[in-house]
Amino acid sequence: MVAAQKQKIADFLDITTDFLGSGYKSEKTNYQFEDDPVPPSQGGADSLEQIAREIRVCRNCSLCEKRLNAAPGEGAAQPLVMVIGEGPGEDEDKQGRPFVGKAGQLLDKMLDAIGLSRSTNCYIANVVKCRPPGNRDPFPEETSACAGFLSRQITLVKPKFILIVGRIAAQAVLQTSESTGKLRAKFLELENNGIKIPVVVTYHPAAVLRNDEYRRPVWEDLKLLKSGIDK
C-alpha cells in the first residue's frame, strides 16, 4: 500500500473527530426556487433537468408544505456509482442540494477514500427529495410519492454500482424490512427497468458521526465496493 493510500484511509478514519463536537445547527436562509409549475415529461426524451424541475414544484405529499427547497440530486450524468440516501436535512433544505451538511462532508471523504467524487464519477440522490419536519424518518406514503423520481434518475444515469447509505434508504429502495447490519458487507442487486445493478449497503454518514463504532464497518463496505469496481 502506497503512502497516499494510507493517508486516505487515515483521513477517513479520523475525520469524524472534527465533527463530533460541532453539532448540526446552522443559520437559516429563507429562499426558494422560483420555478413555474412544470408538467411531467410526456412522450419526449426524459432528462435529469426535467426531473429536477418536476421535483422542485412537486406537491405529491405533505413534505412540500414546509420545504424551503427540494433537493433533486447532483453529480456526474453518467456515473460509476450512484449514492442513495434517505432525505434532505436542514442544510440541504436551505441549499436545494443533497448531502451538503456535516454528514455530506463525511460522505465526500468516504467517497474520496476509494477514488470517487460527486464532481467526476458519482451521482447523489435521496429517496425523498424534501426535508421531513425535524429530520424525522419519512413516512411510507412520502417515499412512495418520490419513488418514480428516483427510478427515473437511476434509469437515466445508468450507474455501474449503487451505494445505499442508511436503513431507511435501503429498505425503501430494496423493498425489505432488514436492518443495515443484515444488508451490509455483501453485494446485493437492484433491478430497475430490466437492468440489474450491483448494490452495497452501509451505514449513513450521520450515524457514523453519532457512533464511532460504525467507522470500521463503513470502511469495510467501501473496500467491498472498491473491489467490485476494480474487477
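A pocket here is an open set of grid points with protein on both sides within 12 Å along at least five of seven lines. Keep that in mind as you go round this model, which is predicted.

**Stop one: the largest pocket.** Start with Glu 86, Asn 135, His 204, Ala 206 and Arg 210, the residues closest to the centre of the largest pocket. The space there comes to about 780 Å³, and 30 residues line it. Now colour helix 4 (90-95), helix 5 (102-112), helix 7 (167-174) and helix 9 (205-210): these are the elements that give two or more residues to the lining. Colour by class next, and you'll get 10 nonpolar, nine polar and 11 charged residues around this pocket.

**Stop two: the second largest pocket.** Select Ala 147, Leu 150, Ala 172, Val 173 and Gln 175, which lie nearest the centre of the second largest pocket. This one holds about 260 Å³ of space and has 13 lining residues. Helix 6 (140-157), helix 7 and strand 5 (188-192) each put in at least two of them. Which helix gives the most to this lining? That's helix 6, with six residues. By class, the lining of the second largest pocket splits into seven nonpolar, five polar and one charged.

**Stop three: the cores.** Hide the pockets and show Val 81, Val 83, Leu 111, Leu 116, Leu 163 and Leu 225. They have the most contacts inside the largest nonpolar core, a set of 25 residues. At least two residues of this core come from each of strand 2 (81-85), helix 5, strand 3 (122-126), strand 4 (161-165), helix 9 and helix 10 (215-230). Helix 10 has the largest share, at six residues.

Zoom in on Leu 111 while you're here. Skip its neighbours within four places in sequence, and Leu 111 is in contact with Val 83, Leu 116, Cys 122, Ile 124 and Leu 163.

Another core, of 19 residues, lies apart from the largest one; pick out Ile 154, Val 173, Leu 174 and Ile 197, which are among its members. Val 173 should look familiar, as it also turned up near the centre of the second largest pocket.

**Last stop: Arg 56.** Go to helix 3 (residues 48-56), where you'll find Arg 56. Is Arg 56 buried or partly exposed? Its relative accessibility is 27%, so Arg 56 counts as partly exposed, since buried means under 20% and exposed over 50%. Finally, draw a C-alpha to C-alpha distance from Arg 56 to Lys 129: the two are 73 residues apart in sequence but 8.6 Å apart in space.

Technical notes. Residues numbered from 1 in each chain as written. Predicted model: local features only at pLDDT ≥ 70, side-chain atom pairs only at ≥ 80, totals over all residues. Heavy atoms only, no water. 1 Å grid on protein atoms, 1.4 Å probe; cavity = no way out; pocket = protein on both sides within 12 Å on 5 of 7 lines; lining within 4 Å. Points joined across faces, edges and corners; volume = space filled by probe spheres on them. Helix = DSSP H or I, 4+ residues; strand = E, 2+ residues; numbered from the N terminus. Nonpolar A, V, L, I, M, F, W, Y, C, P; charged D, E, K, R; others polar. Core = buried A, V, L, I, M, F, W, Y, C linked by side-chain atoms within 4.5 Å. Buried < 20%, exposed > 50% of the residue type's maximum accessible area, 1.4 Å probe, protein only. Contact = heavy atoms within 4.5 Å.
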